[in-house]
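Welcome! Here is a short tour of one structure, written for someone meeting it for the very first time.

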Amino acid sequence: MQNGILYVVSTPIGHLADITYRAVETLQKVDLIAAEDTRHSRPLLQHYGITTPVIAYHDHNEEGAGYQLLRRLEEGQQIAMISDAGTPLIRDPGFQLVRECHRRNLRVVPIPGPSALLCALAAAGVAPDRFSFEGFPPRTRNARQEFFRELRHASQTVILYEASHRIMATLADAITILGPEREAAIGRELTKRHETLLHGPLEQLQESLRQSPNQRKGEFVLLIAAAPAPPADAIPPDTEQMLTLLLAELPLKRACALAAQISGMSKNVLYRRALELNEEPDREVSI
Ligand code: SAM
């Protein structure tokens, strides 16, 4: 008997027309659709005249329903998995099933389409060449600030999802940790009637949302640009610490030469800094 296929099908994130021909064809031809929430997906399926049977498949029943789906796939059936919006698995259920399919040598076929993170990145005006998707930030202030602390020196754009009732708190914590000037963008209600794209320093985005309650409604993608590159002659804290230790033990020129050799930084830059350190009260440097 031939094994079945699991299709991972992306569906619209707001605009019913944002679905590919191939996705519609696939949803029509499969034996079964596994949906995150059958009630939520019904309008979409009705709109495209899709009459394929649908069963619920979400986080709470991933194991039970997953087992049934795997059995059907092994019997040769074709199943399409969809989530409430966008691409399954992307902060949506489906990963366990996909992984188990690979473990059992069952074929998994992606049917690509919308995802809020790429939709936002494509239009937000922040650098798209390198990015990381970090999902939803933690819900409590302490954990969220720690989360931003870890991202403080990120050298890539960071993409986050956020709910309307937490967007102001998340912006406030981002400002506290990353500073008001950090370049950022917000994609709100993407592909929907009230779609908004805002781009600017974090503080400006916060002000825009503060001024208009409507701007705080709906679904959000927050994009935070990479940390600005430090000036070429900036001495990283660990190099400065090493220089200080060497200066306490060695003559200034020797300390600078060694620090330059170890860190790979310019000897002149370190020398200038060593002279400044020398000027600081309570510090004695041997010349
Ligand atoms: N699987 C989806 C995807 O591929 O983007 C994401 C599902 S996740 C449970 C839902 C979150 O995605 C929302 O809280 C919001 O942060 C973001 N999102 C989904 N649709 C959006 C839209 N139209 N505009 C802005 N953000 C959206």
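Strand β1 (residues 5–9) runs parallel to β4, and four bridges join the two. Strands here are DSSP runs (E, at least two residues), as helices are (H or I, at least four), and both are numbered from the N terminus. Two strands count as paired if DSSP finds at least two bridges between them. Within this pairing, Tyr7 stands opposite Ala80 in β4.

This is a predicted model, in which local features need pLDDT of at least 70 and side-chain atom pairs count only at pLDDT 80 or more, while totals for chains, interfaces and linings use all residues. Residues are numbered from 1 along each chain as its sequence is written, and side-chain values use heavy atoms, with hydrogens and water left out.

Strand β4 also pairs with β2 (residues 32–35), again in the parallel sense and over four bridges. Here Ala80 appears once more, as the bridge partner of Ile33. Is β4 mostly covered or mostly open? Strand β4 (residues 78–82) is mostly covered, with four of its five residues buried. Buried means under 20% relative accessible area, exposed means over 50%, and partly exposed lies in between (1.4 Å probe, protein chains only).

Now step back to the whole sheet. Five strands form an open sheet in the order β3-β2-β4-β1-β5, with parallel pairing. At the edges stand β3 (54–56) and β5 (107–111); each has a single partner strand, so one side of each lacks a neighbour in the sheet. From one strand to the next, the twist averages 25°. Helix α2 (residues 38–47) packs on this sheet and touches β2, β3 and β4, its direction making about 155° with that of β3. Helix α4 (residues 95–103) packs on the sheet too, touching β1, β4 and β5, at about 150° to the direction of β1. Contact means heavy atoms within 4.5 Å. Axes are lines fitted to C-alpha atoms, for helices over the stretch in contact, and angles run from 0 to 180 degrees between N-to-C directions.

Next come the aromatic rings. Rings of Phe, Tyr and Trp (its six-membered ring) pair if their centres lie within 6.5 Å; planes under 30 degrees apart are stacked, over 60 edge-to-face, and the rest tilted. By this rule there are three aromatic pairs. The ring centres of Phe133 and Tyr161 are 4.8 Å apart with planes at 65°, so this pair is edge-to-face. Phe133 sits in strand β6 (residues 131–133) and Tyr161 in strand β7 (residues 157–163), 28 residues apart. Phe136 and Tyr161 form an edge-to-face pair as well, at 5.9 Å centre to centre and 70° between the planes. Phe133, Phe136 and Tyr161 make up one aromatic cluster, and the table shows how covered each member is.

| Residue | Relative accessible area | Class |
|---|---|---|
| Phe133 | 25% | partly exposed |
| Phe136 | 42% | partly exposed |
| Tyr161 | 10% | buried |

Which residues are closest to the ligand? They are Ile90, Asp92, Ser115, Tyr161 and Phe220, out of 19 that surround the ligand; a residue is near a molecule if one of its heavy atoms lies within 4 Å of it. An oxygen atom of the ligand is 2.7 Å from an N or O atom in the side chain of Ser115. A backbone N or O atom of Leu190 lies 2.9 Å from a ligand nitrogen atom.

Conventions:
A polar contact is a pair of N or O atoms within 3.5 Å; within protein, one must be able to donate a hydrogen and the other to accept it, and residues adjacent in sequence count only if both atoms are side-chain atoms.
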